[in-house]
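Here are a few exercises to work through with the coordinates open. Try each one yourself before you read the solution.

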Amino acid sequence: MRALIAAATGLALAFALVLTLTALGTPTGKTSPKPLLTTVPAHP
Amino acid sequence: MRRKVSLILLAFAVFFATLSPLLRWYAFPRLVKIPANQYQDMVLEAKDATLLDYGTMKAEKVSKITIVQTLKGNVEASEQIEKTAGRDVVVWDSLSYAQGPDGKMVASIPERYIFDAHTQEPVHAKGEMVDGDAVERQGIEFKWPFLTEKRDYEYFDAQARVTAPIHYKGTQDFRGIEVYYFEQTIDWTKVPFPRTMPVEGITRESVARTGTTRWYTTVRKFWVEPVTGAPVYGEEIHKEELRGGSLLGGREKVTAFAGHAKMREDYVEHTVALVESNRTLVLLMTSYLPWGFLALGILLLSLSLYLEARGRPGDPAPARTTTEPDPVTA
């Protein structure tokens, strides 16, 4: 019974972690202030 | 005590073993995406190209045409579209700007490309365009999906505004990276004149009145890193002609541009380094962490079982036996 509870705890924690991470997602940031180029850049 | 440790190890074993498939098949498709705020520039050069001189209307050899391509993620526009699309969307505003050896503008073509941040499938929304003309793209453009497959893809050609297959032509080694080589041929196709012409006073409409038409053909080549789906190198053999009409002074056709455009060396090096770094991040989600967690789960489970086995009490002591006869009472 104890083993079953331990396994269930591990399972629940894994699901909780992944679901939280995916729910938070990744930040979108802001549009770059740099312009669309009409000159040849010297380097990348 | 040993039993308690064994149970904790079992919990961790299940935790890591569960994380493994969850990361690969649940988190990866949801977390790994093209950032909405990406900004990227690229320089291609076509050496010894042919270019039409609009003053004399004759094709001339020029030492080099330089094409500067900028992609800029428009975060505000993507957030707006996401409200109705119901998925993560990227909006790229791009400009392909070509200039001759004298620095004068040869072509300037803006685009707005809207696509799914995870799958690269095109998303149709107001504002999607090529050179001011509304389009509805099918297929991919600029970038392949993550975990690119060894198969043909549909690729959107911005000049002709058509989608055609881009063929997988094999796996190659490009500067130490395994890449998939893709090639697309667009046969001679009538295409619209650009809205911004290289000569002042000439417009798309004024050229159209002369009856002269613009035709184009290209062979497009991409070397794509399959994990990220990012091209590490690209070339294009591009030809344009003006045909018929009064603009050509009785000639049937004249070359407007012909050249073999290749990525500039410093951009190739930069792109290879960038793709290698992004590749590691994607592999972390698709391979390194899932396999690592699975191995760790198995290891912890084995340790837990071992401790459990050792911690169990031994077999019960054998019952005391006696050969002596029971005493007899008188």
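**Exercise 1.** Which residue in β2(B) is the bridge partner of Tyr39(B)? Work out, too, how β1(B) pairs with its neighbours.

*Solution.* Keep in mind that this is a predicted model.

Step 1: look across from Tyr39(B) and you land on Lys72(B), its bridge partner in β2(B).

Step 2: widen the view. Strand β1 (residues 39-53) and strand β2 (residues 58-73) of chain B run antiparallel, with 14 bridges between them. They make a hairpin with 4 residues in between, and Met57(B) in that turn has a positive phi of about 55°.

Step 3: now check for another partner. β1(B) also pairs antiparallel with strand β12 (residues 253-263) of chain B, through 5 bridges. One place to see this is Thr50(B), whose bridge partner in β12(B) is Ala258(B).

Step 4: ask how covered the strand is. Of the 15 residues in β1(B), 11 are buried, so the strand is mostly covered.

**Exercise 2.** Describe the interface of chain B and chain A, then pick out what Arg264(B) does there.

*Solution.* Step 1: count the contacts. On the chain B side 37 residues take part, and they touch 33 residues of chain A.

Step 2: get the area. About 3,000 Å² is buried between the two chains, and carbon and sulfur atoms give 70% of that.

Step 3: run the polar checks. The rule finds 0 salt bridges across this interface, but it does find 8 residue pairs in polar contact. On the chain B side, the elements giving two or more residues include α1 (2-31), β1, β2 and α4 (265-311). α1(B) gives the most, with 13 residues.

Step 4: zoom in on Arg264(B), which sits in the loop between β12 and α4 of chain B. Its side chain reaches the backbone oxygen of Pro41(A) at 2.9 Å. Leaving out neighbours within four places in sequence, the contacts of Arg264(B) include Val40(A), Ala42(A) and His43(A) from chain A, plus Val43(B), Leu44(B) and Glu45(B) from chain B.

Step 5: classify Arg264(B). Its relative accessibility is 14%, and the cut-off for buried is under 20%, so Arg264(B) counts as buried.

**Exercise 3.** Which residues form salt bridges with Asp133(B), and are those residues buried or partly exposed?

*Solution.* Step 1: list the partners. Arg161(B) forms a salt bridge with Asp133(B), with the closest N and O atoms 2.8 Å apart. The pair ties together parts that are 28 residues apart in sequence, because Arg161(B) lies in the loop between β7 and β8 of chain B while Asp133(B) belongs to strand β6 (residues 133-134).

Step 2: add Arg204(B), whose salt bridge with Asp133(B) has its closest N and O atoms 3.2 Å apart. This one links helix α3 (residues 204-210) of chain B to strand β6, with the two residues 71 apart.

Step 3: compare accessibilities with the cut-off of 20%. Arg161(B), at 21%, counts as partly exposed. Arg204(B), at 15%, is buried, and Asp133(B), at 18%, counts as buried too.

Step 4: treat Arg243(B) and Glu241(B) as another pair, with the closest N and O atoms of their salt bridge 3.0 Å apart. Arg243(B) is partly exposed at 22%, whereas Glu241(B) is buried at 10%.

Step 5: put the network together. Shared partners join Asp131(B), Asp133(B), Arg161(B), Arg195(B) and Arg204(B) into one salt-bridge network.

Terms used:
Residues are numbered from 1 along each chain as its sequence is written. Chains are lettered from A and ligands numbered from 1 in the order in which they are written. This is a predicted model: local features need pLDDT of at least 70, side-chain atom pairs count only at pLDDT 80 or more; totals for chains, interfaces and linings use all residues. Side-chain values use heavy atoms; hydrogens and water are left out. Buried means under 20% relative accessible area, exposed over 50%, partly exposed in between (1.4 Å probe, protein chains only). Two strands pair if DSSP finds at least two bridges between them. Contact means heavy atoms within 4.5 Å. Buried area is the accessible area (1.4 Å probe) that two parts lose on being put together, summed over both. A salt bridge is a side-chain nitrogen of Lys or Arg within 4 Å of a carboxyl oxygen of Asp or Glu. A polar contact is a pair of N or O atoms within 3.5 Å; within protein, one must be able to donate a hydrogen and the other to accept it, and residues adjacent in sequence count only if both atoms are side-chain atoms.
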